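I opened the notebook to look up how the strands of this chain are arranged. My notes follow the structure.

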Amino acid sequence: MAKIKGITVTLIDKVPDGFDAFGHQVYQDSEVSVENVLVAPTTATDAVSELDLTGRKAVYTLAIPKGDTHDWEDKEVRFFGQRWRVFGIPLEGIEGLIPLDWNKKVTVERYA
């Protein structure tokens, strides 16, 4: 039996980088590589439910490894050579009660 192994996903976060001439906060992209992320196509039932509820089309579900402390809510991610947007809140289980290496999942949509 082979061990399950995820891929490396790039999480793109916005970090404050000063203020513009009008006094508004300016942000800069900060990229962080997160290893061992499982990527699975969203089931047809979940995709239709999300489309009905939020108007967004769920394409993939990402399983985030235990111990990850990054903020995944409303962030951009890059994998498979494309950019994706996380939507909804991350669903997280109790680490000690989940037997494998992942305890959090997020849903992504295509982002151009």
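Terms come before the looking. I take strands (E, at least two residues) as DSSP runs, numbered from the N terminus. I call two strands paired if DSSP finds at least two bridges between them.

The source, too. The model is predicted, so I kept its limits in view: local features need pLDDT of at least 70, side-chain atom pairs count only at pLDDT 80 or more, and totals for chains, interfaces and linings use all residues. Residues are numbered from 1 along each chain as its sequence is written, and side-chain values use heavy atoms, with hydrogens and water left out.

Entry one: the hairpin. I found β1 (residues 7-19) paired with β2 (residues 25-41), antiparallel, over ten bridges. I7 has V37 in β2 as its bridge partner. Five residues lie between the two strands of this hairpin, and G23 in the turn has a positive phi of about 85°.

Entry two: the next neighbour. β2 also runs antiparallel to β3 (residues 60-65), joined by four bridges. Here V39 is partnered by L62 in β3.

Entry three: β4 and β5. Four bridges join β4 (residues 76-79) to β5 (residues 82-92), again in the antiparallel sense. F79 stands opposite Q82 in β5. In the loop between these strands I found F80, with a positive phi near 55°.

Entry four: D74. D74 sits in the loop between β3 and β4. Its phi is near 55°, positive although D74 is not glycine. D74 is partly exposed (between 20% and 50% relative accessible area, 1.4 Å probe, protein chains only), at 43%.

Entry five: the whole sheet. Six strands close into a barrel in the order β1-β2-β3-β6-β5-β4, with antiparallel pairing.
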